[in-house]
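Got the viewer open? Let's take a short walk through some charged pairs, one selection at a time.

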Amino acid sequence: MQRIFWFLFTYRAFILFVLLEIFCGWLIVKNNAYQGAYFYNSSTRYTADVLKKTQEVKDYFGLKDVNRELAAENAQLHQMYEQLALSKVAQQGSYKPDSALTQRFKFVAAKVIRSSTVSPRNTITIDKGTLDGIKPDMGVISPQGVVGKITACSEHFSVITSILHIDYRLSSQIKKNGSVGTVEWDGKNSQISAMRYVPRYVEVQAGDTVVTSSYNSVFPQGVLVGVIKKVSAAPSETAYDLTVQLATDFNRLSYVYVINNIYKEEQEILEKKNVPVESNTP
């Protein structure tokens, strides 16, 4: 407190001068229309600039919450899209899907907290676990396309084996003709994968779209995998060797969507059963 009094006493003349200058400026602005209008216009402009910058800072720090809300909204939109896709198929033909199956896929948004792309066996860690309904073998997609499959979970975190894993095989198909093959990564370029087992009698060309097939219980049919970049085949081979440009940019993953097929276990148990075929031969 003594230092404050000492400061005021030492610089009393300068402080008085500043106060008188401010008072004189106020008198000029108050009693002169032109100066008053100029002052208020200038102060309004500067105040608006300050408020704009302040709001930009608030918006920047609020992006985390905005992104989280958008991710949750996208998860709901994915779910609605799958329901509408099945309904559309039903309208085009005699196929009538079970009403429960039109709602079998549930989507949970999750934040990526760690991701690798330089290992032969890359994984991704997300901030959702068993407490959020996540289980191993659930499929994972990004806003761009397929990401991978859940392989391990704790209460609050899960690990994804991405399609950038040399042991991962993804059942896929060429969208324009439905030809089924397998997408598998060779451990080199994080943006390129290979599609194998597509027979050579099928018409394939660069630019064709590759999507997930219906031959799995992890992903809905039609999720984007990538685009064919190169078509080749050895003369002695019966299948193409296709190079696929992956849709998902794994170096920029931020939010992903975990897919819960609520009838996955029922489907897999039935498929694993060895049901004998009765013979009609007497």
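Is Arg169 buried, partly exposed or exposed, going by its relative accessibility? Select Arg169 and take a look: at 44% relative accessibility, Arg169 counts as partly exposed. Keep in mind along the way that this is a predicted model.

Leave Arg169 on screen and add Glu184. These two form a salt bridge, with the closest N and O atoms 3.3 Å apart. The pair joins distant parts of the chain: Glu184 sits in strand β7 (residues 180-184), while Arg169 is in the loop between β5 and β6, 15 residues apart. Glu184 has a relative accessibility of 13%, so it counts as buried, the cut-off being under 20%.

Next, bring in Arg196. Here Glu184 has another salt bridge, and the closest N and O atoms of Arg196 and Glu184 are 3.0 Å apart. Arg196 lies in strand β8 (residues 192-196) and Glu184 in β7, so this pair ties together parts 12 residues apart in sequence. Arg196 is partly exposed, at 28% relative accessible area.

Now add Asp241 to the selection. Arg169, Glu184, Arg196 and Asp241 are linked in a network of salt bridges.

For the last stop, jump to Arg121 and Asp167. They form a salt bridge too, the closest N and O atoms being 3.0 Å apart. Arg121 is in strand β2 (residues 121-126) and Asp167 in the loop between β5 (158-165) and β6 (170-174), which puts the partners 46 residues apart. Both ends are partly exposed: Arg121 has a relative accessible area of 45%, and Asp167 has 46%.

Want to keep hunting? The full count is six salt bridges.

Notes. Residues are numbered from 1 along each chain as its sequence is written. This is a predicted model: local features need pLDDT of at least 70, side-chain atom pairs count only at pLDDT 80 or more; totals for chains, interfaces and linings use all residues. Side-chain values use heavy atoms; hydrogens and water are left out. A salt bridge is a side-chain nitrogen of Lys or Arg within 4 Å of a carboxyl oxygen of Asp or Glu. Helices (H or I, at least four residues) and strands (E, at least two) are DSSP runs, numbered from the N terminus. Buried means under 20% relative accessible area, exposed over 50%, partly exposed in between (1.4 Å probe, protein chains only).
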